[in-house]
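This report describes selected features of one protein structure for a reader who has not met it before. The sequence and the model come first, and the description follows.

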Amino acid sequence: MTALTNLLDLDPAQLVAYCAELGEKPFRAKQLQRWIHQFGASDFDAMTDLAKSLRDKLKTRATIAAPAAISDHTSADGTRKWLLDVGQGNAVETVFIPEENRGTLCVSTQAGCAVNCRFCSTGKQGFSRNLTVGEIIGQLWMAEFELRKSKGIEPGPKGERQITNVVMMGMGEPLLNFEPTVTALKLMLDDNAYGLSRRRVTVSTSGVVPMIDKLSQECPVALAVSLHASNDALRDGLVPLNKKYPLAELMAACRRYLDYAPRDFITFEYCMLDGVNDSDAHARELVSLVQNGAESVPCKFNLIPFNPFPESGLRRSNNARIKAFAQILMDAGVVTTIRKTRGDDIDAACGQLAGEVQDRTKVQERMQKMAEYQKKFGKDFGRIIEVPR
Ligand code: SF4
C-alpha cells in the first residue's frame, strides 16, 4: 500500500503539481487549498464543490493531518498551550497568546535544538529532528480551527480570525530548518490560505548569518534576533553560535535584512540574567553596539525576565535591575519593552523568548504520564481543558 500524501506538506505550487498528477486543472488546487487552510477541513467529503470523482481519488491517496495533541491547557489569562506528538517520543509545544487586539501563535520548527544556548533547556536536551512543513503549518491549522471551534466561530473567511500574528519562537532554530520553515511561511502569507501580512509573521533566530540573507531573498518577514549579550566574549558563552557568526557579522546581516524587511527595525531579544548580562555597563555597551554611526542597526529591544531551571545555574535579574537596564536603553533613544510572562499557571513555554523555557525531559515525562492515564481512563483523557476562572 502506498503512503498517503499529507496535503499540509504542500505549498501552493506543489498542490497544483499534485492536482496535475491526478489529472486535475490548477483551479482545483486553489479550491482544495481554501478548504484545507481557510475552512480547516480534513474530510474530503465535506469539500462539496469538488467533483465526486476527485474526492474519491483524494480519499484513497491523500490525507490532511496535523500532529496530534497530547494535551491542551488554557490558563487563567487565556493563554492556551498544546503539547503535540511528533512521533518517536518527541513532542513540541504550540502556544496561543490572546491580547486585546490580536492573537499570537508561537510555533516550533524543530524537535529539540542543536544550538545549545546556555539559558535554554531545549538546547540542553539536544536535537532530535527537523519538523516537516505539515508539522509546522499544522500547528497554525490546528490552533486556528480549534480556537474557532471552542468559541463557536464558523470556519471559512467569514468567521472571525483567531490568530492574527505568528512568531517562530518555539522549540528549535527556524533558520537551521530553512526550506520547510520558508514553505510554511509562504502558506501563512498566501491569500488562499491564512493571508497574514509579512509584518505579522516573525522569524526569530539565534543569528545564522547566511540564512538571514537567504530569508531576505526568499520570504522577508519580520525578524527577531536572540541577542542576549553586548559583546562577543559574553555571547560566545551564552549563544555558542556566536563563535561562528560574531556580533559584527550579525549586526551587518541585520542591516542588510532591513533593506527587505516589512518593518523598519529588527527586534532584539535579551534574556535578563542576574549578574551575567544585566549591569549598567552592559546596557551602555548595547547602546554602542546598535548606535554606531554608519554601522547602526534600527532596532527595538525586548527584555525577557529569565525563567530559571535547575541545570542552568542562572538566576533571573530582579525587577528593579531590569527596569534600570531598560531605562539606560530608553534614555539613549532605543525603544525597549519588558516582556510580561504569560500562562505561568500552565507552564506556557516559547523557547527562550517568552522567558519560559522548554524542557524536553519534562515533555517526555508528561507524555509518558499521559500514556499511562490514557491506558487507565481511555484515549480521550489527554484532552484536558482548564476553564479560565
Ligand atoms: S534559545 Fe533557541 S536557538 Fe538557543 S538552544 Fe534554545 S531553542 Fe535553540
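On helix α3, the exposed residues K52 and T60 sit on the face turned away from the buried side of the helix. The model is a predicted one. Helix α3 spans residues 52–61, and its buried residues are L54, R55 and L58. Seen down the axis of α3, these buried residues fall within an arc of 100°, so they line one face of the helix. In general, an α-helix has 3.6 residues a turn, so residues three or four places apart point the same way. The cover over the buried residues of α3 includes the helices α1 (12–21) and α2 (26–37), and also β2 (62–63).

L58 has contacts beyond its own stretch of sequence. With residues up to four places away in sequence not counted, L58 touches L7, Y18, L22, L32, F44 and L50.

L58 also belongs to the largest nonpolar core, which has 106 residues. The members that touch the most other members of this core are L7, L58, F119, M188, L215, F268 and F301. Helix α5 (residues 133–151) supplies the largest share of the core, nine residues. Another core, of six residues, lies apart from it and has V95, C106, V167 and M169 among its members.

V167 and M169 appear again around T202, a residue of strand β10 (residues 201–205). Is T202 buried or exposed? Its relative accessibility is 13%, and T202 therefore counts as buried. Leaving aside neighbours within four places in sequence, T202 is in contact with V166, V167, M168 and M169, and also with A222, L223 and A224.

Aromatic rings are the last topic. How many aromatic pairs does a search of the whole structure find? The search finds five. W35 and F39 form a pair that is tilted, with 5.0 Å from centre to centre and 45° between the planes. Elsewhere, F268, Y270, F301 and F325 form one aromatic cluster. Two residues of that cluster, F268 and F301, are also among the core members that touch the most others.

The table gives the accessibility of three residues named above.

| Residue | Relative accessibility | Class |
|---|---|---|
| T202 | 13% | buried |
| W35 | 16% | buried |
| F39 | 31% | partly exposed |

In the tilted pair, then, W35 counts as buried, whereas F39 is partly exposed.

Definitions and conventions: Residues are numbered from 1 along each chain as its sequence is written. This is a predicted model: local features need pLDDT of at least 70, side-chain atom pairs count only at pLDDT 80 or more; totals for chains, interfaces and linings use all residues. Side-chain values use heavy atoms; hydrogens and water are left out. Buried means under 20% relative accessible area, exposed over 50%, partly exposed in between (1.4 Å probe, protein chains only). Helices (H or I, at least four residues) and strands (E, at least two) are DSSP runs, numbered from the N terminus. The arc is that of the directions from the helix axis to the C-beta atoms. Contact means heavy atoms within 4.5 Å. Rings of Phe, Tyr and Trp (its six-membered ring) pair if their centres lie within 6.5 Å; planes under 30 degrees apart count as stacked, over 60 as edge-to-face and the rest as tilted. A nonpolar core is a set of buried Ala, Val, Leu, Ile, Met, Phe, Trp, Tyr and Cys residues joined through side-chain atoms within 4.5 Å.
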